[in-house]
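The following exercises ask the reader to work through the packing of one protein chain. Each task is followed by a solution in steps.

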Amino acid sequence: MTVPGQRLGQPLSRESELARAGATPLRRCRTSSPASPSAQCPPGPEFLARHTGLQPLVREGRCGRAGRCPGAPAAPEPGARKQRAAAAMSGPLRPSPSSWRRAASVVLAAGWTHPGPTAWSPAEGFRLLLLQRSPRQGFMPGAHVFPGGVLDAADRSADWLRLFEPHHAPPRFGLGPAPPPPSAFPGLPAAGAADGDAGGAALPDDVAFRICAIREAFEEAGVLLLRPRGSRPSAPEPGRALAPPPGLAAWRAHVRRDPRHFLRLCAHLDCTPDVWALHDWSAWLTPFVVGGSRRFDTAFFLCCLREPPPVLPDQAEVVGYQWSSPSEATESFISEEIWLAPPQFYEIRRLQNFASLSDLHKFCLDRAIEGPERWLPITCLTADGRLQLLPGDELYLEDSYFLENPLSTEKKTEEVMKEGKKFHRIVIHSPHVYSIHVTVQSKCKHVYPKNYVVSKSRL
């Protein structure tokens, strides 16, 4: 069988394979010259509807001009759902992806003992720290999240070099071989190139992002992931957080007002951020969502602790917390006790693969040189819900068009699911009902979640 554009005897291109599988080969427009009004446009909505039932929601022509691209088929008349979505997308385009805010988050997994014994036992499972964001926050108000926040210039300051001496110095600061850089979604800058001053930074991203995550854990939860200055990382085993210092509230207020004070706190305690305890885990980019305004490029690290440290919410960004196993967090979510954003839900379900802290910690050590995958989910609106498509899914297309546009279909979620076979997606039925479908092989020696499908009684 041949597909349009394929010569006999010529292997199928990636886009042709997708077309034959029922996915949509979208291409960016090509113009003969910057001033030329003519353009060769990718397949339009008619092509999409014919092959997949999916259509891109368009706010302006793919050639960058208002209206429909020359030569592209007219879009079929949208239903009421699409009209509302199109109206919500009538504003100006957001800033370019290079202006996205870079951030870091740390998943704290702590050993959990049964009442009575005081010694840590690796066979007794683990709990994850989830912080409840204040309902007054502009981004994800009231959500339960892992500690984290936006990268600050102070996190990569040259002043850290003196604190890491004498045992740890550039380029790797004792972190071991550099993992390969994660691939960049088309139209996005490569990881590590999003900030204008990143090229001349004193600290590499591997260190700066870890410092950011550690600083945020202190600001939000009062947890200090520090190590005595000059000490070498101990044997590869879960560590412990430092006891909160005297004057915790005052130090936190200083750090929140000016992140440079975190370095001063570390110097005051004669400690360095324990960057060696944070393991590369994943990286998520905020997908396009109609009506959304803030987008982040977030590195997720995982840190294993022998025991849960004291947690003191700052009562500003964070108003509560809980230590939960992955199954407990899932149950709290679906029973509407807490709310989780899709990336947090995905990571919690991924962590369900591990029965003990020792298993999780060993897994992190074994894949240390692999580095994280960097994912930009693509949103697909259905008639009764939405999907977040992840790399490897048969409908996932690495095309810069999807930086600012979702897919849309008049079909119901169940119909879309019945028509597919190759899945890596989160199905969002309602704010507290998600399903995860994974039939693809994991990459980078990582592990993906097992399929998680909610019962029909919850839909």
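Contact means heavy atoms within 4.5 Å. The model examined here is predicted.

**Exercise 1. Determine which residues of helix α7 are buried, and which elements they pack against.**

Step 1. Residues count as buried under 20% relative accessible area. In α7 this holds for His261, Phe262, Leu263, Leu265 and Cys266.

Step 2. The buried residues of α7 pack against three helices and two strands: α4, α5, α6, β8 (226-228) and β9 (271-273).

Step 3. Just after α7, the backbone at Asp270 adopts a positive phi of about 55 degrees.

**Exercise 2. Describe the largest nonpolar core and the surroundings of Leu278.**

Step 1. The largest nonpolar core comprises 45 residues, and Trp160, Phe262 and Leu278 have the most contacts inside it.

Step 2. Elements that each supply at least two residues of this core include β4 (101-111), β5 (126-133), α4 (159-164), α6 (248-257) and β12 (318-324). The greatest contribution comes from α5, with 10 residues.

Step 3. Leaving aside residues up to four places away in sequence, Leu278 touches Val106, Arg210, Ala213, Ile214, Leu225, Phe301, Leu302 and Cys303.

Step 4. Another core, of 38 residues, lies apart from this one; Trp281, Ala329, Leu340 and Ile426 are among its members.

**Exercise 3. Why is strand β10 largely enclosed by the rest of the structure, and which strands pair with it?**

Step 1. Strand β10 spans residues 278-285, and eight of its eight residues are buried, so the strand is largely enclosed by the rest of the structure.

Step 2. Seven bridges link β10 to β11 (residues 296-305) in the antiparallel sense. Within this pairing, Leu285 has Asp297 in β11 as its bridge partner.

Step 3. With β13 (residues 374-375), β10 pairs in the parallel sense over two bridges. Here Ala283 is matched with Arg374 of β13.

**Exercise 4. Characterise the contact between helices α8 and α9.**

Step 1. Two packed helices are described by the angle between their axes and by the distance between those axes.

Step 2. For α8 (residues 326-334) and α9 (residues 342-351), the angle is about 145 degrees and the axes are 8 Å apart. The crossing of α8 and α9 is left-handed.

Step 3. From α8, Pro326, Ala329, Thr330 and Phe333 take part; from α9, they meet Phe345, Ile348, Arg349 and Leu351. The residues of this contact comprise six nonpolar, one polar and one charged.

**Exercise 5. Establish how strand β18 is covered and how it pairs with β17.**

Step 1. Six of the six residues of β18 (residues 433-438) are buried, and the strand is mostly covered.

Step 2. Val433, Ser435 and His437 point one way from β18, whereas Tyr434, Ile436 and Val438 point the other way; all are buried.

Step 3. β17 (residues 424-430) runs antiparallel to β18 and is joined to it by six bridges. One of the pairs is Ile428 with Tyr434 of β18. The two strands, β17 and β18, form a hairpin with two residues between them.

**Exercise 6. Is Gly148 buried or exposed, and which residues does it touch?**

Step 1. Gly148 belongs to strand β7 (residues 148-150). Its relative accessible area is 18%, and Gly148 is therefore buried, given the limit of under 20%.

Step 2. Not counting residues up to four places away in sequence, Gly148 touches Ala104, Ser105, Glu216 and Glu220.

Step 3. Gly148 and Thr298 are 150 residues apart in sequence, while their C-alpha atoms are 8.9 Å apart in space.

Technical notes:
Residues numbered from 1 in each chain as written. Predicted model: local features only at pLDDT ≥ 70, side-chain atom pairs only at ≥ 80, totals over all residues. Heavy atoms only, no water. Axes fitted to C-alpha atoms, helices over the stretch in contact; angles between N-to-C directions. Helix = DSSP H or I, 4+ residues; strand = E, 2+ residues; numbered from the N terminus. Left-handed = near helix turned anticlockwise from the far one by under 90°. Nonpolar A, V, L, I, M, F, W, Y, C, P; charged D, E, K, R; others polar. Buried < 20%, exposed > 50% of the residue type's maximum accessible area, 1.4 Å probe, protein only. Pairing = 2+ DSSP bridges. Core = buried A, V, L, I, M, F, W, Y, C linked by side-chain atoms within 4.5 Å.
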